[in-house]
Amino acid sequence: MKKHLILVLVALAGVMVMVAGCTSSSNTSPSPANSTVTSTASQNPVAIQNYAFSPSTLTIQKGANVTWTNYDSVQHHVVSDSSAFSSPLLNKGDTYTHQFNNTGSFSYICSIHPYMKGTIVVA
Ligand SMILES: [Cu+2]
């Protein structure tokens, strides 16, 4: 029990350092021009637009949510390659939220348009 508490405290300290590092670096460097985003927020949006996921690669913290929103007038279907998550068919304006409780790299596609690819990295 006590050992577990210490582990939690160590993990929290690590998160604090990460947050502080991101905050200080974001002030000095411009946001990346590519479609890779690192977030420390608990709610993270991914837009499905023009047959693409934006950002295509999103790094989040363990326990955070990702919400996909379909802005296209066609249906899309978010499915992880490892079956870790799978959305219902998303019509225009529909959203799908998944909470990531395991660390790792989760690549996914739209099953209707398999050339649509994205990755959620859980740190
Ligand atoms: Cu699609």
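**Entry 1. Contacts and overall make-up**

I began with the contacts in the protein chain: of those with a separation of 6 or more, 41% are between residues 24 or more positions apart. I note here that the model is a predicted one. I then looked up burial and found that buried residues make up 18% of the 123 residues in the protein chain. For secondary structure I recorded one helix and nine strands. Reading along the sequence, I wrote the pattern down as α-β-β-β-β-β-β-β-β-β.

**Entry 2. The five-stranded sheet**

I next traced how the strands are arranged. Five of them form an open sheet with mixed pairing, in the order 1-4-9-8-6. I noted strand 1 (36-38) and strand 6 as the edge strands, since each pairs on one side only. From one strand to the next, I found a twist that averages 20°.

I went through the pairs of this sheet in turn. Strand 1 and strand 4 run parallel and pair over three bridges; here I found Thr36 opposite Thr57 of strand 4. Strand 4 and strand 9 also pair in the parallel sense, over four bridges. In that pair, Leu58 has Ile120 of strand 9 as its bridge partner.

The pairing of strand 8 with strand 9 (residues 117-122) is antiparallel and extends over six bridges. I located two positions along it: Phe106 stands opposite Ile120 in strand 9, and Ile109 stands opposite Lys117 in strand 9. A hairpin of six residues joins strand 8 to strand 9. I also checked strand 6 against strand 8 and found an antiparallel pairing over three bridges. There, the bridge partner of Val78 is Cys110 in strand 8.

**Entry 3. The four-stranded sheet**

I then turned to the other strands. Four strands form an open sheet in the order 3-2-5-7, and its pairing is mixed. Strand 3 and strand 7 are at the edges with a single partner strand each, so one side of each is left without a neighbour in the sheet. I recorded that neighbouring strands of this sheet are turned by 25° against each other on average, with direction ignored. Strand 2 and strand 5 pair in the parallel sense over six bridges. Within that pair I found Ile48 opposite Asn70 in strand 5.

**Entry 4. The nonpolar core**

Which residues touch the most other members of the largest nonpolar core? I found that this core has 16 residues, and that Ile60, Val66, Trp68 and Ile120 are the ones in question. I then listed the strands that each supply at least two residues of this core: strand 2 (43-49), strand 4 (57-60), strand 5 (65-70) and strand 8 (104-110). The largest share, three residues, comes from strand 8.

I looked at Val66 in more detail. Leaving out residues up to four places away in sequence, Val66 touches Asn44, Val46, Leu58, Ile60, His98, Phe100 and Ile120. I also compared the two faces of strand 4: Leu58 and Ile60 make up its covered face, whereas Thr57 and Thr59 lie on the uncovered one. Ile60 thus came up twice in my notes on the core, as one of the residues that touch the most other members and as a residue touched by Val66.

**Entry 5. Backbone particulars in the loops**

Finally, I searched the backbone for particular angles. The peptide bond from Ser54 to Pro55 is cis, with omega near -5°. I placed Pro55 in the loop between strand 3 (52-54) and strand 4.

Tyr51 is not a glycine, yet its phi is positive, at about 60°. I found Tyr51 in the loop between strand 2 and strand 3. Is Tyr51 buried, exposed or partly exposed? I counted 13 other C-beta atoms within 10 Å, so Tyr51 is partly exposed.

Ser83, a residue other than glycine, has a positive phi near 65°. I located Ser83 in the loop between strand 6 (78-80) and strand 7 (95-99). Is Ser83 buried or exposed? With 7 other C-beta atoms within 10 Å, and exposure set at 12 or fewer, I entered Ser83 as exposed.

Conventions
Residues numbered from 1 in each chain as written. Predicted model: local features only at pLDDT ≥ 70, side-chain atom pairs only at ≥ 80, totals over all residues. Core = buried A, V, L, I, M, F, W, Y, C linked by C-beta atoms within 7 Å. Buried ≥ 20, exposed ≤ 12 C-beta atoms within 10 Å, placed from the backbone. Contact = placed C-beta atoms within 7 Å. Pairing = 2+ DSSP bridges. Axes fitted to C-alpha atoms, helices over the stretch in contact; angles between N-to-C directions.
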